[in-house]
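Let us learn to read contacts between chains, helices and domains. Have a look at the structure first.

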Amino acid sequence: MKKTLLLILAAILLISFSAFAGGSGAAKKEITIAMIVKNIGNPFFDVVRKGWDEAVAELGVNDVWRGPEQPTPEGQIEIMESLIAQGVDGITYVGNDPQALAGVAQKAMKAGIKVNGWESGIVPNSRDISVEPVSAQTIGADQVKILAEQIGYKGEIAILSAAATMANQNTWIKYMKEELQKPEYKDMKLVAVVYGDDVREKSYNEALGLFKSFPNLRGIISPTTVGIAATGRAITDEGMIDKVELTGLGLPSEMYEYVMNGASKVFGLWNPKDLGYLNAYVTYRLVTGEITGKPGEKFEAGRLGSYTIEPQEGVTNGLVYMGSLYRFDKNNVGEFKDEL
Amino acid sequence: MKGKNQQLKAGSFVVQWEFILLMIFVLFNFFMSFTHSNYLRVTNLFDTTFIFSEKALVALIMTFIIITGNIDISVASMMGLSSVVLATLFRAGMNIWLASLVGLGVGTFCGFLNGFIITRVRLPALIITLANFSFYRGIAYVILGDEAVGGFPDAFLYLGRGYIGNSPIPFILVFFIVLAVIAGIILHRTKFGRTIYAIGWNEHTCYASGIPVDRIKLLLFTVSGFMAGLAAVFITSRIGNTRPNIATGFELEIITIVILGGVMITGGVGKMWGVVLSIFLVGTIRYGLGLHNIPGQYMLIVTGSLLIISILMNNLIVNYVEARYLRAMAALEQGEELPAEPPEKKGGDR
């Protein structure tokens with residue numbers, strides 16, 4: 001009885017193997033481009049996806065949109081392995097920890113897949129091209145400028161970031177610190193950098209911790225959409241409006257309430273929808289061979305117009321900047337709150 | 001009496017969980033092979049083992065521990081701590097291999113500490129390892145804070161990412177299979193292995209019969225720490241850097257794999273090949289669903305359902321065995337011979 005069943009199972013296995021032994025090398029006709037985001041269920045990436053979908057429809061390609069449930073590099077590595085196994089043509093990723101993703105990204109490139117690393121740290125040989133929304137220096141410096149205007153260039157300030165491994169945030173913080181060295185900020189003092197891990201509760205608690213540890217705190221910069229919204233809530237709950245000013249990178253839909261009640265009078269962001277759109281175009285152009293990712297190459301990106309690939313320090317592959325930081329305040333946040 | 005009851009376990013029972021698992025495995029692979037033309041590509045199948053090989057290493061020793069009726073919740077935390085110690089020492093300038101050895105030592109010591117407290121305080125392993133689950137992870141956070149450390153040399157990266165020569169066979173897969181065979185032999189072919197089952201069937205009887213239960217438990221938990229340390233070296237190498245939260249949540253996945261493999265959480269029942277099969281089943285399900293871009297949450301649903309089925313099936317088997325035992329006892333009373341069937345004979349299914 002048992003032996004018969006085993007034999008049948010073995011036969012099934014053999015048949016299925018032989019059935020596909022010849023079929024696995026079939027040529028692909030259609031182009032498939034894939035996006036790996038930091039995690040799913042993150043509203044920022046939901047908006048990015050709208051632009052991505054728009055571009056995918058314009059280009060007439062297949063697409064895959066994936067991200068791990070938790071923002072961990074382990075989850076992203078597994079997804080990239082799976083995309084390599086599927087044999088997609090191009091991958092765009094925004095790494096939770098670009099160092100950790102470099103190995104698997106190299107494997108993808110070795111497998112002939114074009115790789116576009118979207119706004120994350122510089123790791124040599126881990127992508128064909130980088131796309132960044134705004135130059136990191138501008139993002140960092142602009143946030144300091146906005147906060148300085150709010151608090152009159154005076155007082156203690158703190159930064160509430162995402163996870164300590166996230167290269168974007170770290171680079172921006174580096175430029176914030178650089179900006180703070182300038183003479184006009186001599187009366188501003190950065191007292192703490194804390195991490196909310198892009199988790200609402202943790203960010204909220206970190207904000208409360210800042211109020212407690214630094215009673216003279218005048219301002220908080222939170223260069224992450226989860227962090228700034230959680231801090232906005234903390235400022236509102238604790239009655240700190242006008243005592244502590246808040247700025248950073250946020251989504252109009254989540255920040256509308258806090259802009260209107262004064263918890264965060266001005267915050268910045270690029271347009272995530274355009275970012276998704278641009279990333280799809282860049283990856284597509286790489287796959288078709290119109291660009292290779294070398295500095296100096298030019299390409300068209302649909303409604304966003306034409307771009308030139310710029311050189312990037314420390315690596316051979318080039319970089320595309322989408323534009324500059326956009327400021328949201330009482331006057332314009334309403335227009336965007338349903339979209340972003 | 002429970003021990004004798006278990007000895008009659010499954011006897012000529014055809015519907016064993018491991019066998020059902022094998023069928024699920026074959027059928028799943030069979031159907032998946034029709035859904036995606038890349039599914040059966042040899043390189044893909046081998047590459048997918050990278051994702052679960054570290055968990056697989058720890059699952060081997062977890063099998064022993066659960067068969068004795070204990071559990072180790074702290075494995076992933078020990079992995080985290082070992083990995084962080086390894087990376088911190090490397091960053092401080094220590095040779096990577098020496099640092100790996102120290103990391104391995106830290107894991108082993110953590111495991112020893114678990115075993116020491118459990119056998120001294122005589123509290124359930126669940127409580128002690130749950131406490132150390134937080135404790136070890138906490139130390140990892142204290143050491144590395146919010147930083148990540150990487151930049152390891154290529155020779156070290158080979159461990160977790162490398163292949164055997166030019167073949168598509170990952171080094172770590174071969175390493176795991178060798179260890180799995182050794183673990184299987186120890187569990188099913190040695191006196192020590194039989195003792196492991198005996199402790200799971202009835203720990204008190206074992207104490208009373210002079211079996212050094214405490215020493216064996218201490219050994220198992222120490223080896224668990226060692227395996228966690230080993231898994232830490234591999235995952236640090238595969239990912240190429242480490243953070244204090246590395247391998248978070250692995251303990252649940254590892255325990256799930258072991259239970260799904262037919263090891264009963266109450267101890268005394270389970271086979272090594274069932275666990276190995278379960279490792280590959282969970283791995284191929286993840287791979288198959290991933291190939292179709294099905295999000296990870298569905299994976300949780302699939303493993304959850306399989307786990308429930310496995311527990312129900314095991315329960316059914318136990319009920320069947322109990323009924324059989326009662327019948328046998330009734331027969332004995334009528335003067336018939338009790339069918340002698342030592343459990344180790346069942347071990348060599350491989």
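The dialogue below takes these contacts one by one.

Q: How many residues does each chain bring to the contact?
A: First, keep in mind that this is a predicted model. Chain A gives 34 residues to the contact, and chain B gives 30 residues. On chain A, α1 (2-21), β2 (62-66), α3 (73-86) and α4 (98-110) each supply at least two residues of the side that touches chain B. The largest share of that side, 9 residues, comes from α3(A).

Q: What classes of residue make up the side of chain A that touches chain B?
A: That side has 18 nonpolar, 9 polar and 7 charged residues.

Q: At what angle do α4 and α5 of chain B pack?
A: Look at the axes. Helix α4 (residues 75-91) of chain B packs against helix α5 (residues 96-121) of chain B at about 150 degrees, and their axes are 8 Å apart. Angles over 145 degrees count as roughly antiparallel, so α4(B) is roughly antiparallel to α5(B). Their crossing is right-handed.

Q: Which residues meet there?
A: In α4(B), they include Met78(B), Leu81(B) and Phe90(B). In α5(B), Ile96(B), Val102(B) and Gly107(B) are among them. By class, the contact of α4(B) with α5(B) has 12 nonpolar, 6 polar and no charged residues.

Q: Where do the domains of chain A lie along the chain?
A: The domain assignment gives domain 1 as 29-133 + 272-323 and domain 2 as 136-269. The C-alpha centres of these two domains of chain A are 28 Å apart. In their contact, 10 residues of domain 1 meet 10 residues of domain 2. The domain 1 side has 4 nonpolar, 3 polar and 3 charged residues.

How values were computed:
Residues numbered from 1 in each chain as written. Chains lettered and ligands numbered in written order. Predicted model: local features only at pLDDT ≥ 70, side-chain atom pairs only at ≥ 80, totals over all residues. Contact = placed C-beta atoms within 7 Å. Helix = DSSP H or I, 4+ residues; strand = E, 2+ residues; numbered from the N terminus. Nonpolar A, V, L, I, M, F, W, Y, C, P; charged D, E, K, R; others polar. Axes fitted to C-alpha atoms, helices over the stretch in contact; angles between N-to-C directions. Parallel < 35°, antiparallel > 145°, perpendicular 65-115°, else oblique. Left-handed = near helix turned anticlockwise from the far one by under 90°. Domains from an automatic or database assignment.
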